[in-house]
Amino acid sequence: MADQDSYKRAAAERALELGTTARFFIEGVGRLVSDGMKLRGVPTSRATAELAAANGIPVVEDLVGPIDLTVDGADEVDPRLNLIKGRGGALFREKLVAAASKRFVAVVDQSKVVERLGEGVLPVEVLPFLWRSTAERLAALCKGLKVRGGEEAPYLTDNGNLILDLSFDTGIDDAGALARALKEVTGVVEHGLFVSMTDTCIVGGSEGARSLERPL
């Protein structure tokens, strides 16, 4: 875990050159703000908003026009820079921010780089109302699924919704096709597949950070 954190930190330091970064360098952004840099942040979770505010970073939840740059983490990234996000529970807001951004940069450690998405679970945010019916429809698209936190005390997102974690036998064959299929399921609010949204992925490893650009 210590090595993974150092790899993430190396990647985040590289991302800091682009203007902002994820969890490890909110404090660094705060120092830039205190030194006079003019910026506003759009947090993707309440926890991020609180950390940003504590470090003197102005935050907004609405704005006119696009976001200049978003830098965020990812749970998995494939060779085309498609991502799985949302294992931290903020996938809906993360996708809204990414979709509103001129440029989206993912920051990961090398353990998150995979040949095919779906090595771990794919989070899907669903409405609590009749969620079991939604789960039955989703079951046709995966090997299995579980309610995050369990049925007795389920995890709730910042939006008050549930997360169903989908698993796959041999990964996800076609991320784009699955993303479209998930969006068509009644009861699904959003899913954790970020397809063709990432411009750059900064990967931290034992030899420092490297940048990957989305293939044309």
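Are Asp169 and Lys143 buried or exposed? Both of them are exposed, and their side chains nonetheless meet in a salt bridge, with 3.3 Å from N to O. Welcome to a briefing on this chain, which is a predicted model. The chain holds 6 helices and 11 strands, and 46% of its 216 residues count as buried. We start with the overall figures and then move to strand β7, helix α5, the salt bridges and a few individual residues.

**The chain as a whole**

- The accessible surface of the chain comes to about 11,300 Å², and carbon and sulfur atoms account for 50% of that surface.
- Take the contacts between residues at least 6 apart in sequence: 70% of them join residues at least 24 apart.

**Strand β7 and its partners**

- Strand β7 covers residues 162-167, and 5 of its 6 residues are buried, so the strand is largely enclosed by the rest of the structure.
- One partner of β7 is strand β5 (residues 122-126), and the two pair in the antiparallel sense over 5 bridges.
- Within that pairing, Glu125 has Ile163 of β7 as its bridge partner.
- Strand β6 (residues 144-147) also runs antiparallel to β7, and 4 bridges join the two.
- Here Val147 has Leu164 of β7 as its bridge partner.
- As a reminder on strand geometry, side chains in a regular strand alternate between the two faces of the sheet.

**Ser167, a residue of β7**

- Ser167 lies in strand β7 and is partly exposed, with a relative accessible area of 26%.
- That label follows because buried would require under 20% relative accessible area and exposed over 50%, while Ser167 has 26%.
- Ser167 and Val121 sit 46 residues apart in sequence, yet their C-alpha atoms are 4.9 Å apart in space.
- Setting aside neighbours within four places in sequence, Ser167 is in contact with Cys142, Lys143 and Gly144.

**Helix α5 and what covers it**

- Helix α5 spans residues 131-139, and its buried residues include Trp131, Thr134, Ala135 and Leu138.
- These four cover an arc of only 100 degrees around the axis, which puts them on the same side of α5.
- The cover over the buried residues of α5 includes strands β5, β6 and β7, together with α6 (175-183) and β8 (188-191).

**The loop between β5 and α5**

- Leu127 is placed in the loop between β5 and α5, and at 41% relative accessibility Leu127 counts as partly exposed.
- Leu130 is found in the loop between β5 and α5 as well, and at 54% relative accessibility Leu130 counts as exposed.
- Leu130 has a phi near 55 degrees, which is a positive value in a residue other than glycine.
- Leu127, Phe129 and Leu130 form a nonpolar patch on the surface, and together they have about 350 Å² of accessible area.

**A second positive phi**

- Leu81 has a phi near 65 degrees, again a positive value in a residue other than glycine.
- The place of Leu81 is the loop between β2 (76-77) and β3 (83-84).
- At 2% relative accessibility, Leu81 counts as buried.

**Salt bridges**

- Some background first: side chains of opposite charge can pair when their charged atoms come close.
- The count of salt bridges comes to 11.
- One of them joins the side chains of Glu190 and Lys95, at 3.2 Å from N to O.
- This pair links distant parts of the chain, with Glu190 in strand β8 and Lys95 in helix α4 (residues 91-99), 95 residues apart.
- Glu190 and Lys95 are both buried.
- The side chains of Asp109 and Lys112 also meet in a salt bridge, at 4.0 Å from N to O, and both residues are buried.
- Back to the opening pair: the side chains of Asp169 and Lys143 meet at 3.3 Å, N to O.
- Asp169 and Lys143 link distant parts of the chain, with Asp169 in the loop between β7 and α6 and Lys143 in the loop between α5 and β6, 26 residues apart.
- Asp72, Lys85 and Glu94 are linked in a network of salt bridges.

Terms used: Residues numbered from 1 in each chain as written. Predicted model: local features only at pLDDT ≥ 70, side-chain atom pairs only at ≥ 80, totals over all residues. Heavy atoms only, no water. Buried < 20%, exposed > 50% of the residue type's maximum accessible area, 1.4 Å probe, protein only. Pairing = 2+ DSSP bridges. Arc of directions from axis to C-beta. Contact = heavy atoms within 4.5 Å. Patch = residues over 30% accessible without salt bridge, like charges linked within 9 Å, V, L, I, M, F, W, Y side chains within 5 Å. Areas by Shrake-Rupley, 256 points an atom, 1.4 Å probe, with all protein chains shown as cover.
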